[in-house]
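These are my notebook entries, written while I looked through one model and asked a few plain questions of it. I kept each entry to what I could look up.

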Amino acid sequence: MIKSNILGDYSKLDIKVKPLIKKILKNVCKELKIKSKHVVSYIFVDLNNIHDINKEYRQIDRPTDVISFAYIDSSENKELPYELGDVFICVEKIIEQANEYGHSVTRECAFLVVHGILHLLGYDHLEKEDEEVMFSLQDKILENLKIFR
């Protein structure tokens with residue numbers, strides 16, 4: 001079971017963020033067979049904040065949509081820590097990308113929530129093979145929740 005702390009101002013999204021995240025995390029646990037207790041923090045920020053974070057921690061001088069910081073990057077015994085980490089999501093990027101991709105704000109927000117938690121759970125997309133695994137899992141979780149493009 002993964003519980004969440006939800007911080008920041010997401011009022012511009014005009015969607016019910018807390019129930020959406022709760023539903024997503026429940027499905028992630030079901031899909032990945034996570035039975036132990038964990039917590040993740042979702043922090044909704046603006047373009048300036050995400051730009052500063054991206055520049056400071058990734059040395060990329062532009063805003064991005066989501067950045068995840070795992071509290072423990074890898075565990076010797078592969079056990080997940082209780083506190084998984086923080087996921088920063090840019091509110092303006094949710095709206096911008098929903099418009100750009102022609103889908104709902106709910107779908108874009110859900111995609112970024114899933115993407116962020118999967119990073120904290122050890123998935124990445126640096127290599128083509130890993131990308132296929134992670135993106136397939138993202139799609140499956142969103143489809144399970146009937147959240148489509």
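Before I start on the helices, I note that helices here are DSSP runs of at least four residues, numbered from the N terminus. I also keep in mind that this is a predicted model.

**Entry 1: a pair inside one helix**

I first looked up Glu131 and Lys128, which both lie in helix α5, three residues apart, or about one turn of the helix. Glu131 forms a salt bridge with Lys128, and I read 3.7 Å between the closest N and O atoms. I recorded that this falls inside the cut-off, because a salt bridge needs a side-chain nitrogen of Lys or Arg within 4 Å of a carboxyl oxygen of Asp or Glu. Glu131 counts as partly exposed, at 24% relative accessibility, whereas Lys128 counts as exposed, at 57%.

**Entry 2: pairs that link distant parts**

How many salt bridges does the structure hold? I found four in the structure, and I followed up two more of them here.

The side chains of Glu92 and Lys12 meet in a salt bridge, with 3.6 Å from N to O. Glu92 belongs to helix α3 (residues 91-101) and Lys12 to the loop between β1 and α1, so this pair ties together parts that are 80 residues apart in sequence. I noted that Glu92 is partly exposed, with a relative accessible area of 23%, while Lys12 is exposed, with a relative accessible area of 56%.

The side chains of Glu31 and Lys140 also meet in a salt bridge, and for this pair I read 3.0 Å from N to O. Glu31 sits in helix α1 and Lys140 in helix α5 (residues 128-144), so that distant parts of the chain, 109 residues apart, are linked by the pair. Both partners are partly exposed: Glu31 has a relative accessible area of 21%, and Lys140 has one of 41%.

**Entry 3: a buried charge without a salt bridge**

Next I turned to Glu108, which lies in helix α4 (residues 105-120). Which side chain of opposite charge is nearest to Glu108, and how far away is it? I found that it is Arg107, 4.5 Å away, and that Glu108 is buried yet has no salt bridge. The reasoning step I wrote down is that a salt bridge needs the nitrogen within 4 Å of the carboxyl oxygen, and Arg107 is 4.5 Å away.

What I did find for Glu108 is a polar contact between its side chain and the side chain of His103, at 2.7 Å. Setting aside residues up to four places away in sequence, Glu108 touches Ile94, Gln97, Ala98, Tyr101 and His103.

**Entry 4: a histidine in the same stretch of notes**

His115 also has its place in helix α4, and I recorded it as buried, with a relative accessible area of 10%. Its side chain makes a polar contact with the side chain of Gln138, at 2.5 Å. Not counting residues up to four places away in sequence, the residues that His115 touches are Val66, His125, Met134, Phe135 and Gln138.

**Entry 5: a strand residue and a helix residue**

Val39 is found in strand β2 (residues 38-45), and at 14% relative accessibility Val39 counts as buried. I looked up its separation from Glu83 and found that the two are 44 residues apart in sequence, but 5.0 Å apart in space from C-alpha to C-alpha. Beyond four places in sequence, Val39 touches Lys3, Asn5, Tyr82, Glu83, Leu84 and Gly85.

I then looked up Lys55, in helix α2 (residues 47-58), which is partly exposed, with a relative accessible area of 46%. The C-alpha atoms of Lys55 and Leu80 are separated by 28 Å, although the two residues are 25 residues apart along the chain. Leaving aside neighbours within four places in sequence, I found Lys55 in contact with Ile60 and Asp61.

**Entry 6: the second largest pocket**

My last entry concerns the second largest pocket, which has a volume of about 250 Å³. Which element supplies the largest share of its lining? I found that this share, five residues, comes from α1. Both β1 (2-8) and α1 (17-32) supply at least two residues of the lining, and among the lining residues I listed Met1, Ile2, Lys3, Lys22, Leu25, Cys29 and Ile34.

Note on methods:
Residues numbered from 1 in each chain as written. Predicted model: local features only at pLDDT ≥ 70, side-chain atom pairs only at ≥ 80, totals over all residues. Heavy atoms only, no water. Buried < 20%, exposed > 50% of the residue type's maximum accessible area, 1.4 Å probe, protein only. Lys, Arg positive; Asp, Glu negative; His and termini not counted. Polar contact = N/O pair within 3.5 Å; in protein donor to acceptor, adjacent residues only side chain to side chain. Contact = heavy atoms within 4.5 Å. 1 Å grid on protein atoms, 1.4 Å probe; cavity = no way out; pocket = protein on both sides within 12 Å on 5 of 7 lines; lining within 4 Å. Points joined across faces, edges and corners; volume = space filled by probe spheres on them.
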